[in-house]
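Dear colleague,

I am passing on the structure we spoke about, and my notes on it follow below. Please read them with the coordinates open beside you.

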Amino acid sequence: MTEQTQYIIETNNLSKNYNGLKALDSLNLKVKKNSIFGFLGPNGAGKTTTIKLLLGLIHPTNGEGRVFNHDIERESLEIRYRVGYLPQNPNFYENMTAWDILELSLKFYFSGPQEKINQRVNEVLELVELEQKADRPVKGFSGGERQRLGIAQSVIHYPDLLILDEPAASLDPLGRNAVLELMSKLREHTTIFYSTHILDDVQRVSDTVAILNKGKLIAQGPIEELLAGSEGVIYKIKLKGDLQNLKELVLTESYVSNIKSETEHNYKIWYVSVSNEDEAEKSLLRKILSDSSIRVLEFAKKQYELEEIFLNLIGDDNNVEK
Amino acid sequence: MITMSKNEKLIPVSKNDKYNGFKNLLLVELREWWSSKSWIWTTLLWLGIANGITFLTFSIESEAPQSTALMIFFLFLGFFPPIETILVMQGSIVEERMMGTVSWLLSKPVSRKSFILAKWLGNSIFLLATIVGIPGLIGYFELSFLTGKLLNPLYYLLGLGILTLYHLFFIEFTLYLGTFKDNAGAVAGPPMIINFAQQFLQMIPFVGYFLPLGLILNQMGTNPIIVSIILGEELYSWLPIIFTGVFVVLFLLLSIWKFEDEEL
């Protein structure tokens, strides 16, 4: 597979200004085929702007973008044949039924025969569990049902890429869970690019993530890499006893770069940053236990939560700007 | 069971069509109007106003000339319905932009030209059928009956064509403004002002010849164009037809052109 076809979405310094304000600043995004790509950022970060640019709904101020190797400006129609899109807060024609919406959506891609059209609409209604509501007007649908209908219309034409804008943002926990499960089911069949500001969702369903803040991309990569932490490997150790000599001893080890200490009740917590993970695995605990006056209550490699990574990155980005 | 692998039995639409999605979008527009009862209420409204008032007036004053009956009838079918036309067209574009249905539809393989043409045609069919078509056809028999003289059907149809032209001016002017403004007032305001200000502007020498109002009302002493055409008389001027026709073509072309680059 060549570099060109490996990525479903590829942008090169893609930028968008509104009245002189940068909504998106030189975005370089690469989305691999068959990934679930979480596009993460706080409100106003430029996520929806990026999605609209990819779909040709707005025009870039600078830079370029390609989806399926088609130019987002000049070949938007080609792109839209292969993409399914769920807008943020989807609004459909309120008097139309779920069936009507899905039939309409499918007929933008396929002309018939009607029997096959009906069959496909039924399949998708079943997928999103809206069979019982097929003949009801959309105006009576709950937020969760609208969202599921939104997903149904986005997948009905067998898209190669699904673009979902905040698919679970306005939902209650049950609705959110249903949408995330649906996304997990769909991952086998298509590439999913979705924007969100909900960190838990990203950690739960994504395999790749990009973090956007104030229109700028501040991190991008496989989720495991991001979760490994930007500060390198840190061991969290809960200890009891007089630690002064031990600290000096541990700091003499070549693979230990730093120790941060916190006091909690009658014990201490050390955060030991190491530069050589392999060496630390072999020797760090032995070194600590060599002091028989010290009691080790806990010893573990620190597990990062996406929230922590996200807040660190966003915080760093904001500080740099100041 | 999830079925996401392509069904070869479904026939893909042609990808090289400049009017991708037009038929689908037109059906949406038509269904929106004709599947509900709004067409019945709208028709009844204009039947009541134009046909009803004309009937009442001539039941009382049966000796009035045929031209007066036509003038009253077409004044009611021309001067007031643009209020509805402007509000319908404003809602059709601005409200849908605000709700996000426009960007949803245009995320499908739909050309922007198709979108504008479907909006124009779908709404025009509804508005012209309920304002011009049904009241106009009933009006033919009503006016012939009230004045005791059968109107020339061909001339009468030409007259309905003039009324159509008049309404297309407001349909397309509002459509054009809706392609680049996302504020209901900014879209509905200018055509509404023109509709009402025309009666004053018409009294300014020369200006009156360039206004669409001349098609349905002439305050300069002679019959308006629509009445002259139906009665087979000479027109006081061709200019209102020419200028309105030019604007009707221009507004539609401008709407398509403007919407092509519009950000959604």
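**Notes on the two chains**

Buried residues make up 53% of the 264 residues in chain B. This is a predicted model, and what follows should be read with that in mind.

Chain B is built from 10 helices and one strand, and along the sequence its elements run in the order β-α-α-α-α-α-α-α-α-α-α. Its C-alpha atoms, taken along the principal axes, fill a box of roughly 75 × 40 × 30 Å. Of the contacts in chain B with a separation of 6 or more, 75% are between residues 24 or more positions apart. The surface that chain B exposes is about 11900 Å², and carbon and sulfur atoms supply 71% of it. As for charge, chain B carries 15 positive and 18 negative side chains, and the centres of these two sets lie 14 Å apart.

Chain A holds 12 helices and 16 strands. Its radius of gyration is 25 Å, whereas a compact globule of 322 residues would have one near 20 Å, and its C-alpha atoms fill a box of roughly 80 × 45 × 40 Å along the principal axes. Buried residues account for 52% of the 322 residues in chain A, and 68% of the contacts with a separation of 6 or more join residues that are 24 or more positions apart. The accessible surface of chain A comes to about 14800 Å², with 44% of it belonging to carbon and sulfur atoms. Chain A has 38 positive and 47 negative charges, and the mean positions of the two groups are 2 Å apart.

Turning to the aromatic side chains, the count comes to 27 aromatic pairs over all chains. One of them joins B:Trp34 and B:Trp39, whose ring centres are 5.6 Å apart and whose planes meet at 45 degrees, so the pair is tilted. Both partners are partly exposed, B:Trp34 with a relative accessible area of 31% and B:Trp39 with one of 28%. Another pair is formed by B:Phe79 and B:Phe196, with ring centres 5.7 Å apart and planes at 90 degrees, so this pair is edge-to-face. Because B:Phe79 lies in helix α3 (residues 66-79) of chain B and B:Phe196 in helix α8 (residues 184-201) of chain B, the pair ties together parts that are 117 residues apart in sequence. B:Phe79 counts as buried at 10% relative accessibility, while B:Phe196 is partly exposed at 31%. There is also an aromatic cluster in chain B, formed by B:Tyr166, B:Phe169, B:Phe170, B:Phe173, B:Tyr176, B:Phe180, B:Phe247 and B:Phe251.

Finally, there are two backbone points in chain A to look at. Most residues other than glycine have a negative phi. A:Asn89, however, has a positive phi near 45 degrees; A:Asn89 sits in the loop between β7 (83-86) and α4 (98-107) of chain A and counts as partly exposed, with 49% relative accessibility. A:Glu129 likewise has a positive phi, near 55 degrees, and is placed in the loop between α5 (114-127) and α6 (143-155) of chain A. At 55% relative accessibility, A:Glu129 counts as exposed, because the cut-off for that class is over 50%.

With best wishes

Key: Residues numbered from 1 in each chain as written. Chains lettered and ligands numbered in written order. Predicted model: local features only at pLDDT ≥ 70, side-chain atom pairs only at ≥ 80, totals over all residues. Heavy atoms only, no water. Helix = DSSP H or I, 4+ residues; strand = E, 2+ residues; numbered from the N terminus. Rg over C-alpha atoms; globule rule 2.2 N^0.38 Å. Buried < 20%, exposed > 50% of the residue type's maximum accessible area, 1.4 Å probe, protein only. Contact = heavy atoms within 4.5 Å. Areas by Shrake-Rupley, 256 points an atom, 1.4 Å probe, with all protein chains shown as cover. Lys, Arg positive; Asp, Glu negative; His and termini not counted. Charge placed at Lys NZ, Arg CZ, Asp CG, Glu CD. Phe/Tyr/Trp six-rings, centres within 6.5 Å; stacked < 30°, edge-to-face > 60°.
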